[in-house]
Structure formats: C-alpha cells, structure tokens
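The following exercises are to be worked with the sequence and the coordinates at hand. Each task is followed by a solution in steps.

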Amino acid sequence: MTSRIPRDSRLRLVRPRTLAAAPRAMTQRPARRPAPRPPEGTPAPAELARMARAVLAGAARVARWADATLGPAPGPRRERDSAAPGSGSTENGGSGAKGTLSDAIAQQAATDLSLTPDQVRADWDIARLAGLIEVHGDTARPGWRLRAWNRDDSAVLRGWVAFFDAWSIAHPGPDGQEPSAVAEVVSAMPQVLSFLQLSAGPVPVPQLLDLLEQRVTELRTERCEIPYGPQPGPVDSSESPAEDSAPEDTALAPLLDWALHALAAVGALTCADGQATLTPLGSWAVWVKLEQICVAAQSPAGNIEQGAEDMLRGCAQLRPNAARAEYRAWLAARPVGSAVTELLAAARGEDALSRGLAFEALRVVGAPAEPEVRAVADETPLRPYALLWLAEHDGHDPEDAHLVLTREEATWLWVDTAAAVADHGEAPLLVRHLESAVQPTVPALLDEVRAVGHPRTVQVLVALAAAHPDPALAKAVRRAAFQVHRGG
C-alpha cells in the first residue's frame, strides 16, 4: 500500500470477522483456573465416544437413512423428496409440525432398515434429542452432529450428553402418577446421580431411596408445602401401629425405579440385583456437570449473579473458553426464556461489544433461542448477528456463515465491530480491522460505509484516521468522516 495514492490502495481480501474477533485480540489475560482432569480411571475421550456411538447407534442409523433417502436430491427424486424431512416442506407425508414422522415415512424406514415402525419412531425421537436431527419450525433436517459423527469425538459426546439431559423426556413418567411428584423426582435425581458418582461403585437401591426422600422433602420445604399425599389424622389407641401412617416410600419407590431404568436406557447407569452403578459414560457426564457447578461457584467476577449487560461486560476481559464457561454458568442459573430475552435486550443497547458478546452467549443457548433470534432478524442493528447465528445453527460452517450476509449487511457489521474496537480495543487492532472489510479498496469501503447509515460511522472514521499510520489514507478517512457529519 503506497501512502501517496490512497485512491488505488488495495485492501487485502480476508473473510469478515464477527464482533467475537475483537475480544479475542484484546484479551491477553491467562486462564484463572487450570483445566480440570477427570477422576482416575475415567476412559479416554475416544473410548467414551465409542460408548456414546454404541448407545446412539440406532438413532444415527435412522438419521442417516432420512438424510440419504429423504433429503433433497437432483433429478426425478426431487418431486418425491420435496415433502421429506430436511427438504423444507412437511406436506404429503413428511415430518409433522413437531418434527414427528408420518405413518408413511415411518413404514418406509421400517421396511428399508428391517425395523418396526415403533422402533423407527423411537430412534427418530432419540436422534432429535441428541441433535442428530434438528427441527426448525415445521421442518426437520440433519443436524451438524450427524455430519461430524464419524470424525469428531467431542460432537458425539455432546450429542450423548444432550440425550442424557433429556432422559425424562425420552422415557416419560409412569402412568397413574401425579405430575408434580414426577417433577419432584426429576428435580431430585441430580443429587442422586452425584452420590452415585462420588461413591464410585454399586449403591443399594434402598439407600438411594432414602436420599431421594430427603431431597424431595427439602424441595417441598423450600416451597413451604406440606408433605405430598394423605396426612395422618388423630391417632386412635384402638388402631394398630401399622395403620398409624402411610410411609412415603410407597409413593417414591416406583418413581425411583422408573428414573433408574430410564437412566439405564440412555446408557448412564446399570441397575441389577438391587444395586445401581454409574457406567463410565454416566460417571464422566456427572463429573462434567459437577465441574460446571464448581466453575460457576468460583466465578472471579461474580458474573453469575449479574444482569445480562453487566455479565457481558465482565466476560469481555476473559478468553473465549473462559467466557463460554461464564455464559453456561449464567444461563444455568435462570430460565432459558427469560435469559434469552435479557441477552437480546442487552444486544439492543449502544455498546457494540456487548451486542457481539450477547450473540456469543446465545450460541451457547443453542436451539431454544432460535424463535427469538429469528424474530429479531428484521431489526437493523441486530440483523447481521442474527443471520450469522441462524446460518451456523442451520449447519453452515462458521468460516463460511458470512456468505449469508448482503454487502450492505456485511458493511454494517464491519462498522459495528469497528465501534467495539474503538471503544474497547487499541489503535493497532483498529488498523488491522481494515483488512476484514469486504470492499477491495479504501475509497469503495468509505463510499459504502457512508451509505450504510450506521449511527457510529463518524466516530469510527475519526478513530480510524487517528490510528492509521498512513497520512494520506488517514486524510481520506477524515474527509469521509467530515462528509458524513455534514450529511454528505
């Protein structure tokens, strides 16, 4: 780049970087907590992934069948496949409004895979829970984990953990039980699983039942509720002691049995001879969740207790992995719906860095945030971020997700990112940000930046002119800033 001919200055063509690139370059603080190691005896990740693939083999098989048989394809198959999951339509026998299979598709899969339709539906539901199949509105399509199934052990393990987290959905509570009692047992099972993990061996079911009763009692006490079930009346001396009260274990024992067998079905534990034992996969998953709780408890800035905007500001000084851990801890402490609403409210603020970090946190939320993110895609300040989020959620490679943006949207994002760098970064970083522009020359960039109408355009151009070492280029940028200020 020559300093005397700014109009012909070429910008090195590189892919646009999202706002997440700014905190990566600005943060040099070392990690505060070393990466924890799993307990001694935990299998290697490759072995854990092999176990997870075995548990989810049926689900992966059905997902691959749907991808290969029902996905869009050229030629005469397209007309048939236009109604199939993954094709963007659910008419004429595709997936239903909630991603369920129609009778015709289930029967076709059963015939091709030598299964029963009920087995196909069960494996399809597991594939959805594990992220092998993703439901977007009324359309089901292959998830990114299916693409990475054979080559990415971490994707397999995350898929199994998602299935493990949904054990009570994969195996609903027994008929005839009060929904509130089932919900209490589901809420109490993490403590039971933690006890199993710390025991590192078989535990008698009666001992687990005692623990479950204690935890359920604590939950009821926290809600200031009387114990569940009929309460004993005045004791009549003529009655036998056996009739004095109804022990609660008659209500919780069948629910504990259901929970243990449901967790055994997802591969988290084994239950035989009156004892329960976590599998290596289940023990690892419980350890991971206990570590997440420890990370949340040891948050150095106390971000978990802050509102979304303050939490994002606190995470701006963390490395990406540490920031994601903070996001997970913050999200775990509040309902998903209200957390997403709070993050989007922070994204609408004036701080461009918080806007980018809010969408990084929404990436941690994942699928539950999709309706809200899709709804804000029409808001100009949030549109580029929302489109990138949706593209990655739909399976695009993050390196290529920027291709979904129009030239105008990419320019708006460039200015917004520059505003974040100007507010929170250093001058050399702002100069390097020039290289991420989609425009090939400085004059073209300045013309499109003026046209896009970003409210921070003047401040960004002034900061860039002050930071750039090339006097001629800085002069051209200052002239553009003056023209925008004057309305030109």
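**Exercise 1. Positive phi outside glycine**

Does Ala200 count as buried or exposed, and at what relative accessibility? Establish also the backbone setting of Ala200 and of Ser114.

Solution. The model is a predicted one.

Step 1. The relative accessibility of Ala200 is 71%. The cut-off for the exposed class is over 50%, so Ala200 counts as exposed.

Step 2. Ala200 belongs to the loop that lies between α10 and β3. Its phi is near 55°, which is a positive value in a residue other than glycine.

Step 3. Ser114 is likewise a residue other than glycine with positive phi, here near 60°. Ser114 sits in the loop between α5 (103-113) and α6 (117-129), and with a relative accessible area of 66% it is exposed.

**Exercise 2. The packing of two helices**

Determine how α14 and α15 are oriented relative to each other, and identify the residues that make the contact.

Solution.

Step 1. Two packed helices are described by the angle between their axes and by the distance between those axes.

Step 2. For α14 (residues 308-315) and α15 (residues 320-332), the angle is about 160° and the axes are 10 Å apart.

Step 3. Angles over 145 degrees count as roughly antiparallel; α14 and α15 are therefore roughly antiparallel to each other. Their crossing is right-handed.

Step 4. On the α14 side, the contact is made by Ala308, Met311, Leu312 and Cys315. On the α15 side, Ala323, Glu326, Tyr327 and Trp330 take part.

Step 5. Sorted by character, the contact residues of α14 and α15 comprise seven nonpolar, no polar and one charged.

**Exercise 3. A sheet and the helix across it**

Derive the strand order of the sheet that contains β3, β4 and β5, and locate α10 and Gln197.

Solution.

Step 1. The sheet is open, has three strands in the order β3-β5-β4, and pairs in the antiparallel sense.

Step 2. β3 (203-204) and β4 (269-272) are the edge strands, each pairing on one side only.

Step 3. Between β4 and β5 (residues 275-278) there are four bridges, in antiparallel pairing. Thr270 has Thr277 of β5 as its bridge partner.

Step 4. α10 lies across β3, β4 and β5 and runs at about 80° to β5.

Step 5. Gln197 is part of α10, which spans residues 179-199. Its relative accessible area is 10%, so Gln197 is buried. Not counting residues up to four places away in sequence, Gln197 touches Pro39, Leu278, Ser283, Val286, Trp287 and Leu290.

**Exercise 4. Buried positions in α16 and α19**

Classify Val340 as buried or exposed and list its contacts; then find how many residues of α19 are buried.

Solution.

Step 1. Val340 lies in α16 (residues 336-347). At 0% relative accessibility, Val340 counts as buried.

Step 2. Leaving aside neighbours within four places in sequence, Val340 is in contact with Leu362, Val365, Ala369 and Glu372. The C-alpha atoms of Val340 and Ala358 are separated by 9.1 Å, and these two residues are 18 residues apart along the chain.

Step 3. α19 (residues 383-393) is mostly covered, with nine of its 11 residues buried. The buried residues are Pro384, Tyr385, Ala386, Leu387, Leu388, Trp389, Leu390, Ala391 and His393.

Step 4. Just after α19 comes Gly395, whose phi is positive at about 110°.

Conventions
Residues are numbered from 1 along each chain as its sequence is written. This is a predicted model: local features need pLDDT of at least 70, side-chain atom pairs count only at pLDDT 80 or more; totals for chains, interfaces and linings use all residues. Side-chain values use heavy atoms; hydrogens and water are left out. Axes are lines fitted to C-alpha atoms, for helices over the stretch in contact, and angles run from 0 to 180 degrees between N-to-C directions. Angles under 35 degrees count as roughly parallel, over 145 as roughly antiparallel, 65 to 115 as roughly perpendicular and the rest as oblique. A crossing is left-handed if the near helix is turned anticlockwise from the far one by less than a right angle, and right-handed if clockwise. Contact means heavy atoms within 4.5 Å. Ala, Val, Leu, Ile, Met, Phe, Trp, Tyr, Cys and Pro count as nonpolar, Asp, Glu, Lys and Arg as charged, and the others, Gly among them, as polar. Buried means under 20% relative accessible area, exposed over 50%, partly exposed in between (1.4 Å probe, protein chains only). Two strands pair if DSSP finds at least two bridges between them.
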